[in-house]
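Subject: The structure to look through

Hi,

Here is the structure I promised to hand over. Have a look around it, and then read on for what turned up.

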Amino acid sequence: MTQFISVKDAGNINALVKKALDYKANPLMDQLLGKGKRIGLLFLNPSLRTRLSTQVAASNLGMEAIVFNVDKEGWALEFEEGAIMSGHTVEHIKDAAPILGQYFDVLAIRTFPSLKNREDDYSEMYINQFIKYAGVPVISLESATLHPLQSLTDIITIQEALLTGKPSASRPKIVLTWAPHIKPLPQCVANSFAQWVNAWGEADFVITHPEDYELAEEFTKGATITHNQDAALQNADFVYVKNWSTYTDYGKVYENNPAWMLTNQKLAFTNQAKIMHCLPVRRNIELSDEILDGSNSLVTKQAGNRVWAAQSVLSAILNR
Ligand code: CP
């Protein structure tokens with residue numbers, strides 16, 4: 001593996017999942033693989049899970065991880081080719097990235113979308129500029145449109161549940177449902193989850209959301225899409241809950257109908273579904289306390305699995 005930006009870089013998804021579960025069983029089995037190697041974790045946006053799980057994963061492989069909060073501690077970076085830098089940006093990415101590529105063996109970057117201009121965000125200019133100029137493998141810690149380490153974690157968590165027979169479905173029904181939120185959020189997690197579940201191909205996949213919250217077809221193609229949440233939830237084995245802002249009329253919040261929040265009453269439609277969310281979550285807005293604190297919730301286990309997803313990907317890059 002030479003980069004990890006989307007499912008297209010993953011190769012065999014089940015092999016990555018198996019490696020992750022092997023690491024979960026024996027975290028230090030490759031503790032010398034990254035000896036003498038260094039990863040730079042660059043954050044242009046906040047993080048709890050992604051930052052810490054990737055640091056732990058690197059440590060398990062004997063690799064040094066250095067975090068740089070670019071947004072707070074670095075020079076303001078310019079990404080536009082040919083920019084006349086008379087504004088607030090101080091350093092061009094084509095100057096900074098090759099230097100970072102000399103300091104580190106692998107670079108990992110978090111860059112959220114602006115949610116102002118869809119074409120700009122969906123061109124993935126920020127992460128593509130890093131890839132273009134860094135000269136070392138680049139891992140996405142969440143980009144403008146995708147969150148592949150989260151999605152690999154999600155497939156690991158689903159596989160793990162299936163391997164223990166809970167739920168006992170050979171071909172599970174997975175539902176991705178929109179949930180209310182108080183502010184516009186990126187489409188990244190939903191796009192990415194859809195992209196990975198479709199590529200994995202081992203589930204019946206349904207996406208449900210209110211009208212006007214359609215995601216980009218390039219990620220959802222292959223899923224059944226409905227605006228009827230109750231119908232979507234029927235016999236579901238896994239329900240993935242996530243808010244996203246509008247894609248077509250880009251970055252808007254059209255409605256926050258609390259009826260879309262998952263409750264135990266809605267859980268009754270499902271096949272005792274396991275409930276997933278990437279976190280952070282706004283309790284009793286996006287997901288109810290009764291679901292998050294209930295026995296069907298996988299969210300804590302899911303967040304724990306972030307380590308094994310990151311370790312599996314780092315291992316594949318170190319072994320390239
Ligand atoms: N799910 C996730 O990416 O969490 P953080 O934003 O805390 O990294």
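A word you will need straight away: strands here are DSSP runs of at least two residues, numbered from the N terminus. Please also keep in mind that this is a predicted model.

**Starting point: T177**

With that in hand, T177 can be placed in strand 7, which covers residues 173–178. Is T177 buried or exposed? Its relative accessible area is 1%, and buried means under 20%, so T177 is buried. Its side chain joins that of Q229 through a polar contact of 2.8 Å. If you leave out residues up to four places away in sequence, T177 touches several others, including T208, V239, Y240 and W260.

**The five-strand sheet**

Strand 7 belongs to an open sheet of five strands, in the order 9-8-7-10-11, with parallel pairing. At the edges are strand 9 (224–226) and strand 11 (274–276), each of which pairs on one side only. On average, and ignoring direction, neighbouring strands of this sheet are turned by 20° against each other. As general background, the strands of a sheet pair through backbone hydrogen bonds, and they can do so in a parallel or an antiparallel way.

Strand 10 is a good one to look at closely. It pairs with strand 7 in the parallel sense over five bridges, and L176 stands opposite Y240 there. Three bridges join strand 10 to strand 11, and these two strands also run parallel. Across that pairing, Y240 has M276 as its bridge partner in strand 11, while V239 stands opposite I275. Helix 7 (residues 148–163) packs on the sheet and touches strand 7, strand 10 and strand 11. The direction of helix 7 makes about 155° with that of strand 10.

Why can strand 10 be called largely enclosed by the rest of the structure? Because five of its five residues are buried. F238, Y240 and K242 point one way from strand 10, whereas V239 and V241 point the other way.

**The four-strand sheet**

There is also an open sheet of four strands, with parallel pairing and the order 2-1-5-6. Strand 2 (64–68) and strand 6 (138–140) each have a single partner strand, so one side of each is left without a neighbour in the sheet. Here, neighbouring strands are turned by 20° against each other on average, direction ignored.

Inside this sheet, strand 1 (residues 38–43) and strand 5 (residues 106–110) pair in the parallel sense over five bridges. F43 has R110 as its bridge partner in strand 5. R110 has a relative accessible area of 5%, which means that it counts as buried. The side chain of R110 makes a polar contact of 3.2 Å with the side chain of E142. Leaving aside neighbours within four places in sequence, R110 is in contact with L42, P46, T50 and H147, among others. R110 and V70 are 40 residues apart in sequence, and their C-alpha atoms are 9.7 Å apart in space.

**Aromatic rings**

The structure holds 10 aromatic pairs. Take Y213 and Y254: their ring centres are 6.3 Å apart and their planes stand at 75°, so this pair is edge-to-face. The two residues are 41 places apart and link distant parts of the chain. Y213 is in the loop between strand 8 (204–208) and helix 9 (217–220), and Y254 is in the loop between strand 10 (238–242) and helix 11 (264–267). Y213 counts as buried at 1% relative accessibility, whereas Y254 counts as partly exposed at 41%. Ring pairs also link W178, Y213, Y254 and W260 into a cluster. Elsewhere, R118 lies over the face of Y247, at 4.3 Å from the ring centre.

**One loop residue**

Finally, find P184 in the loop between strand 7 and helix 8 (188–200). P184 is partly exposed, with a relative accessible area of 36%. P184 and W244 are 60 residues apart along the chain, yet their C-alpha atoms are separated by 6.8 Å. Apart from neighbours within four places in sequence, P184 is in contact with L115, S245, G251 and V253.

Enjoy exploring!

Best wishes

Methods. Residues are numbered from 1 along each chain as its sequence is written. This is a predicted model: local features need pLDDT of at least 70, side-chain atom pairs count only at pLDDT 80 or more; totals for chains, interfaces and linings use all residues. Side-chain values use heavy atoms; hydrogens and water are left out. Rings of Phe, Tyr and Trp (its six-membered ring) pair if their centres lie within 6.5 Å; planes under 30 degrees apart count as stacked, over 60 as edge-to-face and the rest as tilted. Buried means under 20% relative accessible area, exposed over 50%, partly exposed in between (1.4 Å probe, protein chains only). A charge sits over a ring if NZ of Lys or CZ of Arg is within 6 Å of the ring centre and within 35 degrees of the ring normal. A polar contact is a pair of N or O atoms within 3.5 Å; within protein, one must be able to donate a hydrogen and the other to accept it, and residues adjacent in sequence count only if both atoms are side-chain atoms. Contact means heavy atoms within 4.5 Å. Two strands pair if DSSP finds at least two bridges between them. Axes are lines fitted to C-alpha atoms, for helices over the stretch in contact, and angles run from 0 to 180 degrees between N-to-C directions.
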